[in-house]
Structures are given as structure tokens and as C-alpha cells.
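Here is a short report on a ligand and the pocket around it. Keep the sequence and the 3D view open while you read.

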Amino acid sequence: MAIQLDIVETPDKVAQKAASIVANLIQAKPNAVLGLATGSTPVPTYKRLVQMHRKNGLSFAHITTFNLDEYVGLPESHEQSYRFFMHQNFFQHIDIPPEQTHIPNGLAPDPDQECEAFESKIQSAGGVDLWLLGIGHNGHIAFNEPGSSSDSRTRLISIAPETITANSRFFDHPSQVPRQALTVGVATILEAGKILLLATGKDKALAVSKAMNGPVSPNWPASALQHHPDCTFILDQEAASLMTFTHSTR
Ligand code: F6R
């Protein structure tokens, strides 16, 4: 069950590949369930999918989406909330009905109940067909920070200091970055039919190589993806620069 590797030249080509895989899935299954990520990495992929919607009529009308995570304490209207991000970068530009999009509510009065309900909604939708992921410098997937086990489920988590530093680029000051998030678990992600992890830039090279070639360990949560039967890493050359090729390349 090796992770499949797809190494392309540029971040734009990463987006091109990822968007065409998502579009093929939607064409084959118009009511597919998509798992989505925020962050900088998938933005060009969302742009391409929006173009496909506008130019080629790719329809999301029957698609259901689930996002990986949300900051605790930010209202939907906050421009750094993940709900706001998804609206700005994707949902407002396509034909998906808002009620078919699901993002954990970071203002839920009872976070544990919100997390349980989120898991139930994924189950009721029939599970995620394809989950699009990014990766943190410390190997996190969603907000599953180092220490997250491969049987973790959707839960409230404290964001690691290095992630707060990385994400402070989106805020005026590091002190404004929320300290907690609601995140799907590693096990939640592993239940998807297919997983596509996108990574670009040399600052992701170490995390990618630990995930792909290192032992499966909670120290590098993305390494749990080695247990998935259909997981592909789509990398640009910089993100792949520390890879050792003990796995098949295609
Ligand atoms: C986003 C998420 C995170 C990011 C990761 C990489 O919903 O869950 O795991 O995928 O932090 O972020 P970028 O793409 O901004 O480098």
C-alpha cells in the first residue's frame, strides 16, 4: 500500500493535475462527496476548478463537501475563518448549494458535540470519496499536530506553536492567531476512498519525505497515509527534493 507519487515541475502543474482528478471524479459521480482543505496550497486548484465550471460547465450542484478544520473562536464573517476562505476562494464561484457544504462550527457552544455531529454528517453522506489535503511543515494533516494518533477522530485540538507561527502570515499579529481548532481526525481522513495530498515549495520537502519514507509515527501525522490503499502525493520538484525513491513513481 505504498503512497503513489506524482512529481511535476511547478505549483501550477500540481493544481492542473489535482483539478483534473477532481473533475474526473465529478464527471464519473456527479453526487460525489469531496473533502476539502484551506491554506495556500489548494488555492490554484480551486481556481482551476472554478474555470472548469465557467468554461466547461463542470457542475457541483449535486456535490457534498466537508472541510478538514476550522479555527475556534472566529465567526464565519472573519476573513481568516475557514468558512470565509472557502466562500471567497471556491463556493461563491460555483453552483454548489450552501447547505451541501460542511465546515466545523468554530463557535459551537459544545465543541465535542459539534465534532461528533460532524463525523455523523460524513457517515450520513456515505463517506468522503476524495479528500484533498495540504501538509504542515511539522507533518500535520488538517490540524492533526504531532502526537495525533492514526485512530484520532474529529475533535478540539490545541494548535502547535510552529503552526501558529506559520499561519501568522495571514493575521496582523501572531497573537491574533487562534490557539485552538476543530479538526477531523487522522482516522476520519483515512476512511476516504481516495486521498490527494498536494505540496509545493522546498519548505515542505522535509515533511513530505518523512510522510512518505519515514516510519509511520504520530511524530509525523501524515506518515499514517502510508496505511491508505489509494493515496497520491502530487508534488512540485521543490517539495519532492528530499524524497528517497524507495516507492514507485508514476
Ligand atoms: C488546511 C489544513 C492544513 C493545511 C496545512 C498547509 O485546512 O488543514 O493542514 O493544509 O497547514 O497549509 P498551506 O497550504 O497554507 O501551506
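## The ligand and its pocket

Around the ligand stand 14 residues, and those that come nearest are Thr41, Asp69, His140, Ala142 and Lys204. The model is predicted. By class, this shell holds four nonpolar, seven polar and three charged residues.

Next, the polar contacts. Three residues place an N or O atom by an oxygen atom of the ligand, as listed here.

| Residue | Atom on the protein side | Distance to a ligand oxygen atom |
|---|---|---|
| Thr38 | side-chain N or O | 2.8 Å |
| Ser40 | backbone N or O | 2.8 Å |
| Thr41 | polar side-chain atom | 2.5 Å |

On its own, the ligand has 400 Å² of accessible area, and the protein covers 93% of that. Thr41 thus appears twice: it is among the residues that come nearest, and its side chain also supplies a polar atom 2.5 Å from a ligand oxygen.

Where does the ligand sit? It sits in the largest pocket. About 670 Å³ of space lies in this pocket. The lining counts 34 residues, and Thr38, Gly39, Ser40, Asn167 and Arg169 are the closest to the pocket centre. Two of these names, Thr38 and Ser40, are already in the table.

Which elements give two or more residues to the lining? They are strand S4 (69-71), helix H3 (82-89) and helix H5 (161-167). H3 gives the largest share, five residues. By class, the lining of the largest pocket divides into twelve nonpolar, 16 polar and six charged residues.

To recap, the ligand lies in the largest pocket, with 93% of its accessible area covered by protein.

Methods:
Residues are numbered from 1 along each chain as its sequence is written. This is a predicted model: local features need pLDDT of at least 70, side-chain atom pairs count only at pLDDT 80 or more; totals for chains, interfaces and linings use all residues. Side-chain values use heavy atoms; hydrogens and water are left out. A residue is near a molecule or strand if one of its heavy atoms lies within 4 Å of it. A polar contact is a pair of N or O atoms within 3.5 Å; within protein, one must be able to donate a hydrogen and the other to accept it, and residues adjacent in sequence count only if both atoms are side-chain atoms. Accessible areas come from the Shrake-Rupley method with a 1.4 Å probe; for residues, only the protein chains shown count as cover. On a 1 Å grid over the protein atoms alone, a cavity is a set of points where a 1.4 Å probe fits but cannot get out, and a pocket is an open set with protein on both sides within 12 Å along at least five of seven lines; lining residues have an atom within 4 Å of a point. A molecule sits in a cavity or pocket if more than half of its atoms lie within 2 Å of its grid points. Ala, Val, Leu, Ile, Met, Phe, Trp, Tyr, Cys and Pro count as nonpolar, Asp, Glu, Lys and Arg as charged, and the others, Gly among them, as polar. Grid points are joined across faces, edges and corners, and a volume is the space filled by probe spheres set on the points. Helices (H or I, at least four residues) and strands (E, at least two) are DSSP runs, numbered from the N terminus.
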